[in-house]
Amino acid sequence: MTKDWNTRTKLVHAGTRRSQYNEVSEAIFLTQGFVYDTAEQAEARFIETGEDEFIYARYGNPTVRMFEERIAALEGAEDAFATASGMAAVNGALVSMLKTGDHVVSARALFGSCLYILEEILGRYGVEITLVDGTNLDEWKAAVRPDTKAVFLEAISNPTLEVADIRGISDIAHAVGALVVVDNVFATPIFQKSLNLGADVIIYSATKHIDGQGRVLGGVVLGTKDFIRSTLEPYMKHTGGSMSPFTAWVLLKGLETLDLRCQAQANTARALADALKDHPALSKVIYPGLPDHPNHALAASQMDTGGTMLAIEVKGGRDAAFQVLNALEVFIISNNLGDAKSIITHPATTTHQRLPDEQKEILGISPGLIRISCGLEDSADLIADLTNALDGLGQS
Ligand SMILES: *Cc1c(COP(=O)(O)O)cnc(C)c1O
C-alpha cells in the first residue's frame with residue numbers, strides 16, 4: 001500500500017507503528033532494552049529477531065524503526081539504518097564495506113569530515129583513495145580500476161554547488177563492480193532520488209533538512225535490504241553509532257513537514273538568486289536553478305527544483321564578505337543548513353578554514369564566497385535584508 005502513496009502521504013503515514021493505546025502521534029520508546037516473557041523467548045529472539053521484535057536499542061528500537069521505514073518509503077529504498085549523526089552514517093557506510101587493499105574513488109569537493117574519513121582513517125587501514133573532479137566524467141573513467149570497491153560523492157557539492165552526473169558516474173562505477181555511495185544532503189530527499197539515477201547507497205545528515213529546525217544530530221543510510229542488514233547493520237550495532245529514540249521521534253515529526261518546507265525553501269532560493277543575479281557588488285551568484293549555472297541542464301534533469309542553497313561571491317573579498325554578514329538582520333551567522341532559519345556562512349574562514357589555500361582555490365572557495373541556506377521566513381524580507389547588506393558595501 002505504502003508503495004503507491006505519493007510523497008506527502010508517505011511522509012505523514014509511512015512506517016507508523018501504534019502501541020496497544022492507538023496513539024495519534026508516534027510514541028517515543030525511550031527504552032534501552034526489551035523484556036522477554038520466558039527464557040525460551042529470549043533465546044529464540046537472539047537466534048532470529050522478527051519484524052516487530054527488538055533486543056537492545058543499539059540494535060533497534062520501535063521509534064527508530066518508524067523513522068527508518070518512513071524515510072525508506074520516501075526514498076524508494078528497500079531498507080534504511082538510522083545513525084547518531086550524518087558522519088556516523090558516512091563512516092558506517094564506507095568502513096563496513098571496505099577492507100585493506102581496496103580502492104576508492106571520490107569527488108574532491110567534500111565535506112571536511114568526509115575527507116578525514118577517506119584520507120586519514122581509511123588511508124591508515126590500507127584503503128587507497130583517488131580524488132577526482134566530481135563534475136568531470138573523464139576523470140572518473142580514468143580513476144576507476146578493477147579493484148575499485150566504492151565511489152563516493154556529494155550529489156551537489158558544498159559550498160560551491162557543483163552538480164554531479166549520478167547516472168554517468170554510476171555507469172562508470174558499475175562497469176568495474178564498484179558501489180556508488182552518494183551523500184545527498186544538498187539535493188534533499190525531496191528533490192533528487194539518487195537511487196533512481198543509479199546510486200547504490202544514499203546517505204543523509206538528518207541534522208539538515210530532515211530535522212530542519214536545528215534541534216538534533218542524526219543520520220541515515222539507505223540501500224538494498226542485503227547491504228543494510230548484512231553489511232552495514234552488523235558494523236553499526238557493534239560499534240555504537242545507532243540513533244537515539246528521542247532523536248528518531250524528532251526526525252519523524254520533521255519528515256511530516258519535509259516536503260512543504262523544502263518546496264518553500266527552494267522557492268525562496270530561486271527568488272533570492274533572481275533578485276541578486278545582477279547585483280553590482282557580486283562577481284558570482286551560484287544556484288543550480290539559474291540557467292547560467294554551468295551544470296544547469298544536468299541539475300534540471302536530475303532535480304525537481306534548484307534546491308534550497310545558493311552561494312554568492314562579493315567583489316571585495318573577505319572584508320566585504322564579513323561586512324555583508326555583519327549587516328544582516330534576518331539571516332543568522334551559523335554553519336548549519338536546511339533550517340527554518342535562514343543561515344549565512346563564510347566557508348573560507350569557518351567550515352573550510354582548515355583546507356590549505358591552494359585546495360580552497362581548486363575548489364572555488366574564494367575569500368569573497370558566501371553560502372546561503374534559505375529558511376522559511378518571508379522571501380521578501382530575506383531579499384530586502386541581503387540587498388540592503390550588499391548595497392551598503394563600499395559605503396562605510
Ligand atoms: C552536515 C553534513 C554532513 C555531516 O552530518 P552531521 O549530522 O553533522 O554529522 C555530511 N555531509 C554533508 C554534505 C553535510 O552537509
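**Exercise 1. Place P159 and L161, and describe the backbone around them.**

Step 1. P159 lies in the loop between strand 4 (148–154) and helix 7 (166–175). The model is a predicted one.

Step 2. Look at the peptide bond that leads into this proline. From N158 to P159 the bond is cis, with omega near 5 degrees.

Step 3. Move along to L161, which is found in the loop between strand 4 and helix 7 as well. L161 has a positive phi of about 60 degrees, although it is not a glycine.

Step 4. Set these values against the general rule. Most residues other than glycine have a negative phi, and most peptide bonds are trans.

Step 5. Check the accessibility of L161. The cut-off for buried is under 20% relative accessible area, and L161 counts as buried because its relative accessibility is 1%.

**Exercise 2. Decide whether N22 is buried or exposed, and describe its backbone.**

Step 1. N22 lies in the loop between helix 1 and helix 2.

Step 2. Its phi is positive, about 55 degrees, although N22 is not a glycine.

Step 3. Exposed means over 50% relative accessible area. N22 is at 57% relative accessibility, so N22 counts as exposed.

**Exercise 3. Describe the surroundings of two arginines, R17 and R70.**

Step 1. Place R17 in the loop between helix 1 (7–13) and helix 2 (39–47). R70 is found in helix 3 (residues 62–75).

Step 2. Classify each of them. R17 counts as buried at 13% relative accessibility. R70 is buried, with a relative accessible area of 0%.

Step 3. List the contacts of R17, not counting residues up to four places away in sequence. R17 touches E23, E51, D52, F54, P62, R65, M66 and E69.

Step 4. Do the same for R70, leaving aside neighbours within four places in sequence. The contacts of R70 include K10, L11, V12, H13, E26, L252, L255 and E256.

**Exercise 4. Analyse the geometry and the cover of helix 9.**

Step 1. Compare the span with the expected value. Helix 9 (residues 225–239) has 15 residues and reaches 20 Å from its first C-alpha to its last, close to the 21 Å expected at 1.5 Å a residue.

Step 2. Search for a bend. A kink of about 50 degrees lies at L232, shortly before the proline P234.

Step 3. Pick out the buried residues of helix 9: F227, I228, L232, E233, M236 and K237.

Step 4. Relate that list to the helical repeat. An α-helix has 3.6 residues a turn, so residues three or four places apart point the same way.

Step 5. Identify the cover. The elements over the buried residues of helix 9 include strand 1 (79–83), helix 4 (86–97), strand 5 (179–183), strand 6 (201–205) and strand 7 (219–223).

Step 6. Note what follows the helix. Just after helix 9, G240 takes a positive phi of about 90 degrees.

**Exercise 5. Find what caps helix 10 and what covers helix 10.**

Step 1. Start with S244, found in the loop between helix 9 and helix 10. S244 counts as partly exposed, at 32% relative accessibility.

Step 2. Identify the cap. S244 caps the N-terminal end of helix 10, with a side-chain oxygen 3.2 Å from the backbone nitrogen of F246.

Step 3. Check the span of helix 10 (residues 245–256). With 12 residues, helix 10 reaches 17 Å from its first C-alpha to its last, close to the 16 Å expected at 1.5 Å a residue.

Step 4. Name the buried residues of helix 10: P245, T247, A248, V250, L251, L252, G254 and L255. What covers them includes helix 1, helix 3 and helix 11.

**Exercise 6. Describe how A266 is surrounded.**

Step 1. A266 lies in helix 11 (residues 258–276), and A266 is buried, with a relative accessible area of 3%.

Step 2. Not counting residues up to four places away in sequence, A266 touches F191, Y287, T305, G307 and T308.

**Exercise 7. Identify the residues that come nearest to the ligand and their polar contacts.**

Step 1. Of the 13 residues around the ligand, M87, D183, S205, T207 and K208 come nearest.

Step 2. Take the backbone first. A backbone N or O atom of M87 lies 2.8 Å from an oxygen atom of the ligand.

Step 3. Turn to side chains. An N or O atom in the side chain of S205 is 2.8 Å from an oxygen atom of the ligand. For T207, a polar side-chain atom lies 2.6 Å from an oxygen atom of the ligand.

Step 4. Finish with the area. Taken alone the ligand exposes 380 Å², and the protein buries 92% of that.

Technical notes:
Residues numbered from 1 in each chain as written. Predicted model: local features only at pLDDT ≥ 70, side-chain atom pairs only at ≥ 80, totals over all residues. Heavy atoms only, no water. Helix = DSSP H or I, 4+ residues; strand = E, 2+ residues; numbered from the N terminus. Expected span 1.5 Å × (residues − 1). Bend = angle between axes of the 7 residues up to and from the residue. Buried < 20%, exposed > 50% of the residue type's maximum accessible area, 1.4 Å probe, protein only. Contact = heavy atoms within 4.5 Å. Near = heavy atom within 4 Å. Polar contact = N/O pair within 3.5 Å; in protein donor to acceptor, adjacent residues only side chain to side chain. Areas by Shrake-Rupley, 256 points an atom, 1.4 Å probe, with all protein chains shown as cover.
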